[in-house]
Amino acid sequence: MKCLAVLTSGGDAPGMNAAIRSVVRVGVDMGWQIMGVRHGYTGLITNNVIPLGARDVSGIIQLGGTMLGSARCPEFKTEDGRQKGLRVLKEHKIEALIIIGGGGSQAGAYALSQMGFPVVGVASTIDNDLYGSDITIGVDTALNIALEAIDRLKVTALSHERAFLIEVMGRDCGYLALMAGIAGGTEAIVIPEVETNPEVLAGELRSAYERGQAHALVVVAEGAKYNAGALVDYFKEHKERLGFDLRVTTLGHVQRGGAPSAYDRLLATRLGADAVDRLARGEHGVLVGLVKGEITATPLTEVVSNKKLLDLRLLKLAQKLAR
Ligand code: ADP
Ligand code: F6P
């Protein structure tokens, strides 16, 4: 019997539970022993490892978060920390590890595989900034949460003829902001990939006001140089030039909670199952993700050395539509 472990790492993402369930049940179906590592790499270092059977993952597919817990673990970035992790894996006779997480977590996966341990990564982060998967587990749910907030804010903005800055998560990536802005039909979108001149943004809000729009919404990515806080500071001195009275809503971690969408449950289920299948075929050192609609495996060495690019044609389209 083979022994396989699974962990979730980095920012939790809706759908991680569905991925854990899939790994456990497909692994059990193969006759393997499955172990769960609690709290990401922290649990690997501190020996927080539990056995997982098919029944232990009952009733979790519809839940956000991760039943295993997640963590940011600076110690795992050190050789010493990873050696501790390897000792724990050896102690439990674990032969392979599935790592469900985003870019940082996959850098950790790569480091482990460079030390000779068989790992497979599963692409999961709400930021959608991971090379090797067009879309990652959690993105769809986080995007829909942002969209629901935008729709709601539009209602109150309209009643009061106000402008709103809506800050969304994404770390250094503008994907969530760009897509939420397009789907929400907002007047402007501010992302880290394109420098925004606050003067130009003020002009856009002013012209929306002058052409009689009853509200104006701007989606701002948290990682942009002019994020919501910086824009509010900037506009403080120039309030009257905007036309609209301005309010700010920061969505923050709200975007990470809630039930995973159907899309995220299905993506997570497929990616989790594929990760186990690949290990069964002796494949490792790869990230499983969705590329051009197909489940694919990208070598971790490529994942960590490439940057996923945002399609900036979509920003141009959004600008054309905001009239
Ligand atoms: P995410 O996986 O969501 O991008 P982080 O960037 O916080 O989240 O990474 C999660 C964890 O992965 C970190 O806390 C750390 O334990 C591990 N990690 C990140 N970068 C590396 C690295 N270069 N080498 C080894 N481990 C890393
Ligand atoms: O990577 C996911 C993410 O939610 C980012 O969008 C955000 O910048 C970060 O995690 C927040 O991290 P924490 O949950 O540690 O505050």
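## Two domains and two ligands in a predicted model

The centres of domain 1 and domain 2, taken over C-alpha atoms, are 34 Å apart. The contact between them takes 14 residues from domain 1 and ten residues from domain 2. The model is predicted. By the domain assignment, domain 1 covers 3-138 + 260-305, and domain 2 covers 140-256. Domain 1 is thus written as two segments, with domain 2 given as one range.

**Ligand 1**

Ligand 1 takes up the space of the largest pocket. Around ligand 1 stand 16 residues. R72, C73, G102, G104 and S105 come nearest. Backbone atoms of two glycines, G11 and G103, face ligand 1 oxygen atoms: G11 at 3.4 Å and G103 at 3.2 Å. R171 uses its side chain instead, with an N or O atom 3.1 Å from an oxygen atom of ligand 1. On its own, ligand 1 has 560 Å² of accessible area, and the protein covers 83% of it.

**Ligand 2**

Ligand 2 also sits in the largest pocket. Its surroundings are R72, I126, D127, M169, G170, R171, E222, H253 and R256. By class, this shell holds five charged, two polar and two nonpolar residues. Which domains supply the shell? Domain 1 and domain 2 each give at least three residues.

Three polar contacts to ligand 2 can be listed by residue. G170 offers a backbone N or O atom, 3.0 Å from a ligand oxygen. H253 reaches an oxygen atom of ligand 2 with a polar side-chain atom, also at 3.0 Å. For R256, a side-chain N or O atom is 2.7 Å from a ligand 2 oxygen. Taken alone, ligand 2 exposes 400 Å², of which the protein buries 75%.

**Contacts to ligand oxygen atoms**

| Residue | Part of residue | Ligand | Distance |
|---|---|---|---|
| G11 | backbone | ligand 1 | 3.4 Å |
| G103 | backbone | ligand 1 | 3.2 Å |
| R171 | side chain | ligand 1 | 3.1 Å |
| G170 | backbone | ligand 2 | 3.0 Å |
| H253 | side chain | ligand 2 | 3.0 Å |
| R256 | side chain | ligand 2 | 2.7 Å |

**Residues in both accounts**

R72 is among the residues nearest to ligand 1, and R72 is also part of the shell of ligand 2. R171 is in that shell too, while its side chain has an N or O atom 3.1 Å from an oxygen atom of ligand 1. The largest pocket is the setting for ligand 1 and for ligand 2.

Definitions and conventions
Residues are numbered from 1 along each chain as its sequence is written. Chains are lettered from A and ligands numbered from 1 in the order in which they are written. This is a predicted model: local features need pLDDT of at least 70, side-chain atom pairs count only at pLDDT 80 or more; totals for chains, interfaces and linings use all residues. Side-chain values use heavy atoms; hydrogens and water are left out. A residue is near a molecule or strand if one of its heavy atoms lies within 4 Å of it. A polar contact is a pair of N or O atoms within 3.5 Å; within protein, one must be able to donate a hydrogen and the other to accept it, and residues adjacent in sequence count only if both atoms are side-chain atoms. Accessible areas come from the Shrake-Rupley method with a 1.4 Å probe; for residues, only the protein chains shown count as cover. On a 1 Å grid over the protein atoms alone, a cavity is a set of points where a 1.4 Å probe fits but cannot get out, and a pocket is an open set with protein on both sides within 12 Å along at least five of seven lines; lining residues have an atom within 4 Å of a point. A molecule sits in a cavity or pocket if more than half of its atoms lie within 2 Å of its grid points. Ala, Val, Leu, Ile, Met, Phe, Trp, Tyr, Cys and Pro count as nonpolar, Asp, Glu, Lys and Arg as charged, and the others, Gly among them, as polar. Domain bounds come from an automatic or database domain assignment. Contact means heavy atoms within 4.5 Å.
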